[in-house]
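Let's take a friendly walk through a protein chain together. Have a look at the sequence and the 3D view below, and then read on.

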Amino acid sequence: MYIKRNIGWGLILRYAWKNIFFFIIYTASIFSLYYFLEWTFIDIPFQPLSVIGIAVAFYIGFKNSQSYDRFWEARKIWGGIVNYSRTWANQVLSLVNDDQETKSVLIHRHVAWINALRIQLRQPTSFSLKENAAVEKVFKKHGEQKPACDATKIFVSNEEYQDLLQRKNPATHLVKNQGLHIKTLCKEGKITEFDKQLLHGVLEELYNLQGKCERIKNTPFPRQYAYFSTVFTWIFVLLLPFGMLNVFEAELQEMSRDIRPWFIFLMIPLSVLISWIFTTMEKIGSNSEDPFEGRVNDVPMTALCRTIEIDLRDMLNEKELPEKEKPKDNILY
């Protein structure tokens, strides 16, 4: 999640430099064919192009709205994970009549769960967004493609860790292990049957929250909207310079000879600017489709996991607490 109020041009250019370079070359080539080689037949009326532009703008607006809904739902789910994590720790500390070690095991296993879930959600899928090398370089610094079990190693026993290595969904098994542990405590008389139901109620909600995350992760944004939004945008920006020729040619008829050369050359930057605006609007939606990929606009799960860990270990009265996650390149992961 980008945390500065204004996005720096360095980051913008990481995303946009290839498109801008292409638009300059493409528009300048069309301009040269028309004015220097006198291919005057290549211009097209701007009126139908403006209709296409309006349609594309509505389509992009719809896509961006739905993409943001996916991000906001994901953020609300992780807000629920934060709240229920604190509830779990509070109930363990209040209801379990056992030594501090047992309480520590239950709470540390929960910290292992949130971190395993985070790593699982950040694994790439067949429909994951691929950016240019300059952008991908930023995200490869953070090592979130490691196996999910690696994030649990310091929070669970070695025996439990070895078992998790064999599992396809470690996060699911961590919550299962919590339930089995609670069952054992109830049999030993260290919690009452009512306490057991309260604790299982929290575990049920944690499973619900995990399932909601997996639903968003495993259900791609409908490809007919995502794909054709890109196709329509590029059709528009590729036709745009031809329509701009027609607009500028009409304006030239009413201008003096002194102004004409300067006015003609305005076609190139204006065409590049409009093309960049449309492709950027389309890319904003694409970058918000999958909120768990660990990219600039995604849910900052690493920071949320660290916040939960600090809160829960502080509730255990541990002294050596980790520091809060700090932004890297103005991005909170």
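The residues lining the largest pocket fall into three classes: eleven are nonpolar, eight are polar and one is charged. Here Ala, Val, Leu, Ile, Met, Phe, Trp, Tyr, Cys and Pro count as nonpolar, Asp, Glu, Lys and Arg as charged, and the others, Gly among them, as polar. The model is predicted, with local features needing pLDDT of at least 70 and side-chain atom pairs counting only at pLDDT 80 or more, while totals for chains, interfaces and linings use all residues. Residues are numbered from 1 along each chain as its sequence is written, and side-chain values use heavy atoms, with hydrogens and water left out.

**The pocket**

The largest pocket has a volume of about 490 Å³. A pocket is found on a 1 Å grid over the protein atoms alone, as an open set of points where a 1.4 Å probe fits, with protein on both sides within 12 Å along at least five of seven lines; lining residues have an atom within 4 Å of a point. Grid points are joined across faces, edges and corners, and the volume is the space filled by probe spheres set on the points. Of the 20 lining residues, I7, T280, K283, I284 and N297 are the closest to the centre of the largest pocket. Which elements give two or more residues to the lining of the largest pocket? They are α1 (9-35), α2 and α10 (267-288), and α10 gives the most, with eight residues.

**The whole chain**

The chain has eleven helices and zero strands. Helices (H or I, at least four residues) and strands (E, at least two) are DSSP runs, numbered from the N terminus. Of the 333 residues in the chain, 46% are buried; buried means under 20% relative accessible area, exposed over 50%, and partly exposed in between (1.4 Å probe, protein chains only). The chain exposes about 17700 Å², and carbon and sulfur atoms supply 60% of that area. Such areas come from the Shrake-Rupley method with a 1.4 Å probe, and for residues only the protein chains shown count as cover. Among the contacts with a separation of 6 or more, 79% are between residues 24 or more positions apart. Contact means heavy atoms within 4.5 Å.

**The cores**

In soluble globular proteins, nonpolar side chains tend to be buried together. The largest nonpolar core in this chain has 46 residues, and W78, I81, W88, W113, F292 and V299 have the most contacts inside it. A nonpolar core is a set of buried Ala, Val, Leu, Ile, Met, Phe, Trp, Tyr and Cys residues joined through side-chain atoms within 4.5 Å. Two or more residues of this core come from each of α2 (46-95), α3 (100-121), α5 (158-164), α6 (170-187), α7 and α11 (301-315). The largest share, ten residues, comes from α2. Another core, of 18 residues, lies apart from it and includes F31, I60, M244 and L245.

V299, leaving aside neighbours within four places in sequence, is in contact with F71, A74, R75, W78, R122, P291, F292 and L304.

**Residues to find in the view**

Helix α2 is home to S67, I81 and S85. I81 is buried, because its relative accessibility is 0%. Not counting residues up to four places away in sequence, I81 touches W113, I114, L117, L209, C213 and I308. With the same kind of neighbours left out, S85 touches H110, I114, I308 and L312, and S67 touches F221, G285, S288 and E289.

Some pairs lie far apart in sequence, as these C-alpha to C-alpha values show.

| Pair | Apart in sequence | Apart in space |
|---|---|---|
| S67 and I284 | 217 residues | 8.9 Å |
| I81 and Q210 | 129 residues | 8.6 Å |
| G201 and W88 | 113 residues | 9.7 Å |

G201 is found in helix α7 (residues 193-218) and is partly exposed, with a relative accessible area of 34%. H181 belongs to helix α6. Is H181 buried or exposed? H181 is buried, since its relative accessible area is 19%. Beyond its neighbours within four places in sequence, H181 is in contact with T102, V105, L106 and R109.

Finally, look at the segment after α11, where N317 is found. Most residues other than glycine have a negative phi. N317 has a positive phi of about 65° although it is not a glycine, and N317 is exposed, with a relative accessible area of 60%.
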